[in-house]
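Dear colleague,

Please find below the structure that I am handing over to you. A summary of what was found in it follows directly after.

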Amino acid sequence: MKPVDSGERGLFVDLREYIKNNILVIDGGMGTMLQVKGLKLGETPEVFNIEEAEIIKDIHKDYIENGAMVLTTNTFGANELKLEHCEYSVEKIIDAAINIAKEAREDKKIYIALDIGPIGQLLEPMGTLSFERAYEIFKRQIVQGVKSGADLIIIETMTDLYEAKAAVLAAKENSNLPILCTMSFEENGRTFTGCTPESMAVVLEGLGADAVGVNCSLGPKELLPIIKRIVAATNIPVMAQPNAGLPELRLGKTIFNVTPEEFAYWVEKFVCEGVSIIGGCCGTTPEFIKKLRAIADNNKRLKRDKITYSCICTPSNMLKIEGVKIVGERINPTGKKLFQQALKDNNLDYILKQAIDQVEAGADLLDINVGLPQIDEKEMMIKVIKEIQGIMDVPLQIDSSDPEILEAALRIYNGKACVNSVNGEDEVLDKILPIIKKYGASVVGLTLDKRGIPPTAKERFEIAEKIVNKAKEYGIDKKDVFIDCLVLTASAQQAEVQETLKAVRRVHDELGVKTLLGVSNISFGLPCRDLINETFLAAALANGLDLPIMNPNSTGMMDVVNSYKVLANIDKGSANFISIYGGAKVDRSVRFKSGKNDNNSTDERDLKYIVIKGLRDEAAGETKELLKTNTELEIVNKLLIPALDEVGKKFETGEIFLPQLIQSAETVKKAFEVIKASLILNNSASISKGKIILATVQGDIHDIGKNIVKVILENYGYEIIDLGKDVPVGTVVDAALKNNVGLVGLSALMTTTLKSMAETIRSLEENGYKGKVFVGGAVLTPEYAKEIGADYYAKDAKEAVEVARQIFN
Ligand code: B1M
């Protein structure tokens, strides 16, 4: 089944079939080829489809002649945002690109892939682009791609899994074409936004991509460990399109240092690992693809082992359901007056606190139930999911019986979620299972049907079996079905407690699926509920319970889980147990005296805590409160900056990722708005003591520090012209000369942007600026400031005021 020869196109092999058993060779770099052929810096490559069509055609032909089976259209950036100022429409550019590829392939059996790159803007909550807007942007490209006759869609170089999801959904819902999707990873094994290879593989496979993998990123050698992780996480074909090595800047030119031979050496290793779709990215040429074609012709696609483990995930946190995983039960209004009130008051902070408390206490995933008759459950579900996902990376279990709510929630959830729940009724299964399949989620199946909850283990087992089989009919693997054999209260249905346990045992042993139980139902109506809950939990775990839904803030319940993990050989060498209980004298008698659930809910949430957790809505109130007893600068220096330092450390060590970093920064902004208002209110100075320009240098978007400096200087009576962040060198120079200022202040927070700072100072001098320059920012030292020609260095906002005093007084 070789698709490339000069036969009739009528014999064209279906791509989905082809990649099941063969190695497919895609073409190589387009952008870097275009640069060699005259594309200038800043030019839009896609315009070449219309104005320089012959150049594109020649590149395609060159790739075909060297063995490429797939041509990738020159449409990487052909989306309506990137083409906003382009004279040609998205439709015109895509149509031209596909037609050029068709002309290049003539009547050869070559597939044409509509190429789709990232939109170029960050999605919410990291940026401002909504998920649905991103979907619409991709949809427009895909609709045209289908119209113009693309054979498949390649979604590539994604760094945000949420954006990749929007693109894959747009492709699935607006075409029947095969979808290949790749993301770009960094040396730390994650994408720029913190997504892991496993999460990517699991989520994109679940959404129905036909192949998943990695492109661009690094050189082939550096990609090998990432590729191994992708192969180990998915059952669909894996693809790889590395760069021709790590780019190096030499004499103003980007050089890729890997030869075609070396490239092929590594790609052959990928094939031995199980990769079956190969191609090249930046720096690769037809010569590279020729080598890859030889690999494809000389190797068979490796038969890979089927992946059978259960998991759910967020982009940065893949949770394998192995051992015991705790489902936090507290985001649920049933029987909780405060929670009900929070829902009615739209008090998302309260809900976020519940989420944080549970995760800090040890929950591995959180059940989210916001059903209350007086509120719009769908709207609330979406809000809660977005808010939780904005600040933490715990996977979620969406708990609702309404298919419309479930679909809306699964659509916006970032990752692979679990749905709670379906039951044994055909009507329910037929409505909900297709939604589970479409979004690649896992599902909880309750062992009840129209008759209610059957009393015996046998009947509950039968319902479980029916759910697993029905899921299979809908294409849902049993690894994605978790069965809840249902807990009845021991006080009312004592005889059935053992039936539940027997059912768990049978489902676990005979169906081989994961089991889940809402444990604390067992003790309703009895005194000392903790004791019953804990004893039942121990019995259930011993019978094969994998996912207890419980209150992780209950120390007793956590004690049971922790000790069970030792006894079941899950906690190897008892390491976790010893780290928790070793040394400390745990007084276990205290808990039993109270007879109530322990709840370590942390009420002592100072501003620092609020920033670290990214609780935006709490920042303003807390800051106002603090201003009653602290000065503005005290709050900045003692709380806000140390909090950000801690966030920075967590980011550096991989404890948190970009989305959380952004939430903390946003939280600081909220606090700072209050501080600024207070300073303005208390500022008596009205005459300008001097004009100062402030800017964060080009390439750097950190402006919190610069903004603090600005507000404090304003407070001391200086007039500030704030040029903002990421300010081009020329803008600073123009503004300094035009406004005839006496002082320019530059801020930089990254080692990589220090050279921008040096360049700005040099350019100011070269262009005849006569005033002084002062610099600041965490990466700077007084020595370096001197070295790059700054007149002054200011460690912080106070020192900035000293500098201004020296200049203007
Ligand atoms: Co990022 N970031 N960040 N970040 N971020 C740092 C700086 C980092 C140290 C974190 C880390 O890895 N530990 C690291 C830089 C590493 C390095 O080069 N040495 C880093 C990185 C890598 C990145 C990204 C590349 C991450 C990514 O995308 N993979 C990306 C960069 C994008 C870009 O700029 N092109 C990025 C993005 C972001 C956010 C957008 C999420 C956000 C910024 C939001 C915003 O500013 N609007 C952010 C944040 C918040 C941080 C940390 C956590 C905090 C920075 C901050 O605001 N500090 C930071 C880690 C850290 O510094 N602890 C980190 C508080 C602020 C008051 O202090 O700015 O130092 P600072 O200002 C002080 C003094 O330095 C001085 O006075 C201020 C008040 O006392 N000062 C001046 C500052 N400017 C002055 C000018 C003066 C005088 C004094 O005269 C003109």
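In this predicted model, a nitrogen atom of the ligand lies 2.9 Å from a polar backbone atom of G699. The backbone of I701 also takes part, with one of its polar atoms 2.8 Å from an oxygen atom of the ligand. At D703 the side chain is involved: an N or O atom there is 2.6 Å from a nitrogen atom of the ligand.

Several elements, namely α25 (632-652), α26 (658-682), α27, β23 and β24, each give two or more residues to the shell around the ligand. Helix α25 provides the largest share, six residues. In total, 37 residues surround the ligand, and the closest are F192, I701, H702, D703 and S747. Sorted by class, the shell holds 22 nonpolar, nine polar and six charged residues.

Where does the ligand lie with respect to domain 4 and domain 5? Domain 4 (600-686) and domain 5 (688-809) both give residues to the shell, so the ligand lies between them.

Two sheets also deserve your attention.

The first to describe is an open sheet of five strands with parallel pairing, in the order β22-β21-β23-β24-β25. Its edge strands, β22 (719-722) and β25 (792-793), each pair on one side only. Four bridges join β21 (residues 691-696) to β22 in the parallel sense, and I692 has I720 in β22 as its bridge partner. Helix α27 (residues 704-715) packs on this sheet, where it touches β21, β22, β23 (743-747) and β24 (772-776). The direction of α27 makes about 165° with that of β21. Helix α27 is also among the elements that give two or more residues to the shell around the ligand, as are β23 and β24.

The other is a closed barrel of eight strands, again with parallel pairing, which runs β13-β14-β15-β16-β17-β18-β19-β20. Within this barrel, β19 (residues 514-518) and β20 (residues 547-550) pair in the parallel sense over three bridges, and L516 stands opposite L547 in β20. Helix α16 (residues 426-439) packs on the barrel sheet and touches β16 (418-422) and β17 (442-446); the direction of α16 makes about 170° with that of β16. A further helix, α18 (residues 496-511), lies across β18 (481-484) and β19, and runs at about 160° to β19.

With kind regards

Note on methods: Residues numbered from 1 in each chain as written. Predicted model: local features only at pLDDT ≥ 70, side-chain atom pairs only at ≥ 80, totals over all residues. Heavy atoms only, no water. Pairing = 2+ DSSP bridges. Contact = heavy atoms within 4.5 Å. Axes fitted to C-alpha atoms, helices over the stretch in contact; angles between N-to-C directions. Near = heavy atom within 4 Å. Polar contact = N/O pair within 3.5 Å; in protein donor to acceptor, adjacent residues only side chain to side chain. Nonpolar A, V, L, I, M, F, W, Y, C, P; charged D, E, K, R; others polar. Domains from an automatic or database assignment.
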